[in-house]
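Visitor: I would like to learn how to read a protein model one feature at a time. Could we begin with a charged pair and work outward from there?

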Amino acid sequence: MKQYFYLEGSIKQGPFTLEELKKKNLKRSTLVWCHPMPDWKPAGELPELDELFSMIPPDVKPGAESKGRQQPAGPTPVMPKTWLVESILVMLFCCLPFGIAGLVFASRVDSKFYQGDYAGAEQASREAGRWTKIGFWLAIIFYIIVLFLTLIGVTAGIFASVF
Amino acid sequence: MLLLLALLILAGIYYIFDPANGLAFPKCPFMMLTGLECPGCGSQRAIHQLLHLNPWAAMKENFLMVVSIPYVVTGFAIDFFGTRSVKAQRIRSKYYGSKAAIAALAAIILFWIIRNLL
């Protein structure tokens, strides 16, 4: 009786007989090995497992129908995050220059995306995110410093009035 | 969850204390340096007024911030819940795209100039 192994992620499972293996809910892409084979092979390529997949159509290879595009997620690339709303918030609550930078890049994300420049859109999205985050953390730090100074001031005031 | 808690605590602080006469609230660096108001000046006072359900007083403090709240909330809602909805994505590409970013920039700069002239 042939002994089969298969890979669950990178963890080897087995040995199983062919009958046991067939109950393991294998996918076409699951890597399988048995003795005379030189290397692991996708289950879909083993003739003895053929009947398992007779009712399952082959996996759609990511990017197969959208060759050359940056987004492997499917036929239509996903618009990267524009950070538009976040930039506006940063502008209204703290750090004007960072918000402006964020907004400028936010507008580029969108226009580049619709020109088909997906890599450029991704790039602009990262830039917009960076400026917005810098602004956000600066705001937090600024607020904490002010709060801290006030606490010192208040305690000092209390001490001054007590003693 | 943590974010929600932080927001609640912040809302509580802004409800109880009025930034208009409190020292504990951060002052605008642009205001301190130039004596002019930046587009964000008055946002904290406006939040205080909004939490006390005084939208008109809030608008006096920072008109732009108050009117942008519905837009900002909608934008966040689309980002969080509407990523799979075709309709939400259509709204997104129409009102939250590059033209919207330029319009927002223009609105903020215009507001900045006007509020210092009036």
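Guide: Let us start with Arg130(A), which counts as partly exposed because its relative accessibility is 44%. Please keep in mind throughout that this is a predicted model.

Visitor: With which residue does the side chain of Arg130(A) meet in a salt bridge?

Guide: The partner is Glu127(A), and the N to O distance of this salt bridge is 3.3 Å. Both residues belong to helix 4 of chain A, which covers residues 118–162, and they are three residues apart, about one turn of the helix. As for the surroundings, Glu127(A) is buried, since its relative accessible area is 18% and the cut-off for buried is under 20%.

Visitor: How many salt bridges are there over all chains?

Guide: The count comes to three. Another of them joins Arg115(B) and Glu37(B), whose closest N and O atoms are 3.5 Å apart. Here Arg115(B) sits in helix 7 of chain B while Glu37(B) sits in the loop between helix 2 (29–34) and helix 3 of chain B, so this pair ties together parts that are 78 residues apart in sequence. Arg115(B) is buried at a relative accessible area of 12%, whereas Glu37(B), at 22% relative accessibility, is partly exposed.

Visitor: Which parts of chain B are tied together by the salt bridge of Glu61(B) and Arg45(B)?

Guide: Glu61(B) lies in helix 4 of chain B and Arg45(B) in helix 3 of chain B, so the parts that this pair ties together are 16 residues apart in sequence. Their side chains meet at 3.2 Å, N to O, and Arg45(B) counts as partly exposed with 27% relative accessibility.

Visitor: Now I would like to read a single loop residue. Is Asn62(B) buried or exposed?

Guide: Asn62(B) is buried, with a relative accessible area of 0%, and its place is the loop between helix 4 (55–61) and helix 5 of chain B. Its side chain reaches the backbone nitrogen of Leu64(B) at 3.2 Å. When neighbours within four places in sequence are left aside, the residues in contact with Asn62(B) include Pro39(B), Cys41(B), Phe111(B) and Arg115(B); that last residue is the one we met in the salt bridge with Glu37(B).

Visitor: How many helices and how many strands does chain B have?

Guide: Chain B has seven helices and zero strands. Buried residues make up 32% of its 118 residues, and, among its contacts with a separation of 6 or more, 44% are between residues 24 or more positions apart.

Visitor: How should I read a strand, then?

Guide: The general idea is that in a regular strand the side chains alternate between the two faces of the sheet. Strand 3 of chain A, residues 31–34, shows such a pattern: Val32(A) and Cys34(A) point to one face and are buried, while Leu31(A) and Trp33(A) point to the other face and are not buried.

Visitor: Which residues of strand 3 of chain A are the bridge partners of Phe5(A) and Tyr4(A)?

Guide: Phe5(A) has Trp33(A) as its bridge partner, and Tyr4(A) has Cys34(A). These belong to the antiparallel pairing of strand 1 (residues 4–8) with strand 3 of chain A, which runs over three bridges. Strand 1 of chain A is mostly covered, with four of its five residues buried. It also pairs with strand 2 (residues 11–16) of chain A, again in the antiparallel sense, over four bridges, and these two strands form a hairpin with two residues between them, where Gly9(A) in the turn has a positive phi of about 70°.

Visitor: Finally, how many residues does each chain bring to the contact between chain B and chain A?

Guide: Chain B gives 32 residues and chain A gives 25. The area buried between the two chains is about 2,300 Å², and carbon and sulfur atoms give 78% of it. On the side of chain B, Pro26(B), Arg92(B) and Leu105(B) lose the most area to chain A, together 19% of what that side buries. The count of salt bridges between chain B and chain A is zero, and by class the side of chain B that touches chain A has 21 nonpolar, eight polar and three charged residues.

Note on methods. Residues numbered from 1 in each chain as written. Chains lettered and ligands numbered in written order. Predicted model: local features only at pLDDT ≥ 70, side-chain atom pairs only at ≥ 80, totals over all residues. Heavy atoms only, no water. Contact = heavy atoms within 4.5 Å. Buried area = accessible area lost by both parts, 1.4 Å probe. Salt bridge = Lys/Arg side-chain N within 4 Å of Asp/Glu carboxyl O. Nonpolar A, V, L, I, M, F, W, Y, C, P; charged D, E, K, R; others polar. Buried < 20%, exposed > 50% of the residue type's maximum accessible area, 1.4 Å probe, protein only. Pairing = 2+ DSSP bridges. Polar contact = N/O pair within 3.5 Å; in protein donor to acceptor, adjacent residues only side chain to side chain.
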